[in-house]
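Here is a quick walk through a few spots worth looking at. Pull up the model and follow along.

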Amino acid sequence: MAQITNEPSSAHATTGDKSFPLSATDWVIVFRACLSKAPQKHTRSSADETAFAQGRADTRKAWDDIISRLLGVGLRFQIQQWKNGKAGKPERLAIFVHCPDEILAREIYRSRVLDWLNESGSSALEPPKLPASTKSGGIELPRMSGAERLRLVYDLLTTPTYEGGAGLTMDESNVGKTGAVGGKYVEALFAPHDREIANKWVKTWAKKWFLTEHDLDTIRDYAGEKVAYYFAFLRFYLAWLVPLSIIGICTYMWGNEFSPIYSIATVIWSIVVTALWTQAAAYYSLRWGTRNYSKIEKVRSEFRPSKILVDPVTDERAPFYPEWKRWLFQGLVTLPITIAMIVVLGGIFSVIVSTEVFFKEYYDGPWKQYLGFVPTMIYGACIPMFHSYYTSLAHRLTNMENPVTDSQFASYFTKKLFFFNALAAFFALFAESFLIIPVSDALGTLFHSRGYISSLSFSIGPEALRHRLVYFITTGQVVNAISELAVPMGTTKATSVMHGISKSKKARVQETPDEKYVRHVREEFERPDYDVEMDYSELAIQFGYVVLFSVAWPLAPLACLLNNFLELRADAFKICRATRRPVPQRADNIGPWFNIMKVMSWLSSVIASSLVSLYYKWDTTVPASQQCVGRFPKLVVTVIIAEHLYFLGRYLISEASKKLLGDKAEERRHRLSYDLKRRYLGMVGIDVGAGSMGGRVRWARDDNEEEVILYGLALKGINEVLKEE
């Protein structure tokens, strides 16, 4: 067993199993070897010495636990010391993990048997076969993608020991519970990028106008179904933005502001998009073999069962956690904290937005052109800070709710995350639409009476809402590009230089293949993890801009269309060059984000109709408050009618899509099932296809060509006659 050593070694010296090349590494575990710092000689005390010795002992135990678990599940590995800087002391140990073919074959067979038993995708049509042996005595692995291999090895690494895995975790609170090991000592667990595939991916997409099904399959094979679903939905959403963009351009050029026709078109468009995506998601779940996968999703490594139940019939062990405990925690802890955070953040955003409106619209003193941007700058600076804190809090609360699977964790976490993102994205627009503009003249009178402003000319009209929407959509895309691409690549480059990873061109030429591979792995270690939920969040917010507020600026769909055309390529570039390789995860849809978009589709019937009722044919000569008060009764009636029509339209469109398009995925599955049954019956001598030839059935494997005639048609005729009598 490998032991921790303080003796320096060469830059790329490795120990461990040399039976596989480093380039065959599946996963890399980065172990923190120097969490305990040695006390200074002139200030150290006996307590410091004791704490340091205990820290070293804990480090050795954590290391031994991880190594023992890897060996216990049959994985092979090589170990390398990573220094902090060229002349620094080794502070990390990198474990390059490789899964032998015999172990991988076992995991593939288990996975596909579970798929078959639970009717997941096309794998449900035919039972999987045992891995075959080669002539040399090895194992012949079945065909599989790189993502499937990485997912199976990752499951083997992180699945709890009572489920047959190594129980590796990065959550310190779980160490010692359910046999989990690692915790704070595991700094990273990631799969190295396949440079050849990643480079080909980026170059190919840069030359394409549209993505094909083959392109989506390539993503699925490289990054897993969850990431592939994101790109599939982005492509689908991008295509459906085209007709709405055309309608928006026509409305902008020849229609009126806050056009009722455009509002109706937007609501219908949102219903059509959500209805058709349901069928598209079902098609991909069958195409990628993830149908019903939630039935067989494995327990997450951070799950803490209250007890282990044993099935009295099968003797299977199953982790159990009472649902009432989760509900109790959500009701007594999560909900109050979430509400309190929303109230606090809402109050802060209210102050910032109100201050911005005051300086831009009412204030007539010195520095007016500059003071109006101060609240906006404060707002822009506060959002990342609040987002970081709230995301950390939401992650902690979700983990304490103890979800069983990764999908359940993502669902709980996504809902909390979207509350903040929606508040940050939509609060100012809602405040401008339904509070600031309707009472703008009353606020101006109040400010003037108290001496805050000297001018009596103050009027805020619907154009203020349009300007804010334009600002949010355009600047938001720039900010996202900087935060998702420029910042990660810049920080990765800086840390690589600081840690002595980067090399000159001359030095790179002299590298051995292993040295080059390790340098690439170390560079990827400095990158952040890829989080597909953040990309989904951006799409959901953009969808909200389009369906809720684009009636104020009909060119919003066009702006989103152009952005998403570039976003497809930017996200591919981000995955390959700016983040670590995604952890492959299975999925049968886009998760909770689909329900969030359906809710926003429903809200569009309320918000869009309200904006049309308030601001259609706005009269700039009449005070805003007077106009809004006069239009309020019409607003109430319009909202009630629009909401009822929305549910009627949603039902009709959903049914029409099923009737006209049908369930293509289920039809394809039925056809494959029929072909399988026909093939199996043919193996035992029955040709079921002959039944379509006038009611005859023949034995397929009959050398004498004897036929068995069934008088099906005659029997049908006599039965019909007897029935009539």
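## Two loop residues with positive phi

Start with Phe 258, which is buried, at a relative accessible area of just 1%. Keep in mind that this is a predicted model. You'll find Phe 258 in the loop that joins α6 to α7 (260-287). Its backbone is a bit of an oddity: phi sits near 55 degrees, a positive value in a residue that isn't glycine. For background, most residues other than glycine have a negative phi.

Now hop over to Lys 617, in the loop between α18 (592-615) and α19 (624-661). Here too, phi is near 55 degrees, again positive in a non-glycine residue. Is Lys 617 buried or exposed? Lys 617 is exposed, with a relative accessible area of 60%, whereas Phe 258 is buried at 1%.

## Where α6 packs on α17

The helix that comes before the Phe 258 loop is α6, and α6 has a partner to look at. Helix α6 (residues 225-254) and helix α17 (residues 556-578) have axes that come within 7 Å, crossing at roughly 160 degrees. Angles over 145 degrees count as roughly antiparallel, so α6 is roughly antiparallel to α17. The crossing of the two is left-handed.

Which residues do the touching? On the α6 side they include Val 227, Tyr 230, Phe 231, Leu 234 and Ile 249. On the α17 side, look for Pro 557, Leu 558, Phe 565, Leu 568 and Ile 575, among others. Sorted by type, the residues of this contact come out as 18 nonpolar, two polar and two charged. Glu 567 and Asp 571 of α17 are among the residues that meet α6.

## Salt bridges

How many salt bridges turn up in the whole structure? The search finds 22. As a reminder, side chains of opposite charge can pair when their charged atoms come close.

One of them joins Glu 187 to Arg 92, with the closest N and O atoms 2.7 Å apart. This pair ties together distant parts of the chain: Glu 187 belongs to strand β9 (residues 186-190) and Arg 92 to strand β4 (residues 90-98), 95 residues apart. Arg 92 counts as buried, because its relative accessible area is 15% and the cut-off for buried is under 20%.

Glu 107 is another one to click on, since it pairs with two arginines. With Arg 106, the closest N and O atoms are 2.8 Å apart; with Arg 110, the N to O distance is 3.6 Å. Glu 107 and Arg 110 are three residues apart in helix α2 (residues 101-117), so about one helical turn separates them. Glu 107 itself is buried, at 7% relative accessible area, while Arg 106 is partly exposed at 32% and Arg 110 is partly exposed at 46%. For something beyond a simple pair, check out Arg 195, Arg 519, Glu 523 and Glu 524, which are linked in a salt-bridge network.

## Around Thr 161

Last stop: Thr 161, in the loop between α3 (146-158) and β7 (168-169). Thr 161 is partly exposed, with a relative accessible area of 35%.

What does Thr 161 touch, leaving aside its neighbours within four places in sequence? Its contacts are Arg 69, Ala 166, Gly 167, Thr 178 and Gly 179. As for Ala 180, it lies 19 residues from Thr 161 in sequence, with 7.6 Å between their C-alpha atoms.

How values were computed:
Residues are numbered from 1 along each chain as its sequence is written. This is a predicted model: local features need pLDDT of at least 70, side-chain atom pairs count only at pLDDT 80 or more; totals for chains, interfaces and linings use all residues. Side-chain values use heavy atoms; hydrogens and water are left out. Axes are lines fitted to C-alpha atoms, for helices over the stretch in contact, and angles run from 0 to 180 degrees between N-to-C directions. Helices (H or I, at least four residues) and strands (E, at least two) are DSSP runs, numbered from the N terminus. Angles under 35 degrees count as roughly parallel, over 145 as roughly antiparallel, 65 to 115 as roughly perpendicular and the rest as oblique. A crossing is left-handed if the near helix is turned anticlockwise from the far one by less than a right angle, and right-handed if clockwise. Contact means heavy atoms within 4.5 Å. Ala, Val, Leu, Ile, Met, Phe, Trp, Tyr, Cys and Pro count as nonpolar, Asp, Glu, Lys and Arg as charged, and the others, Gly among them, as polar. A salt bridge is a side-chain nitrogen of Lys or Arg within 4 Å of a carboxyl oxygen of Asp or Glu. Buried means under 20% relative accessible area, exposed over 50%, partly exposed in between (1.4 Å probe, protein chains only).
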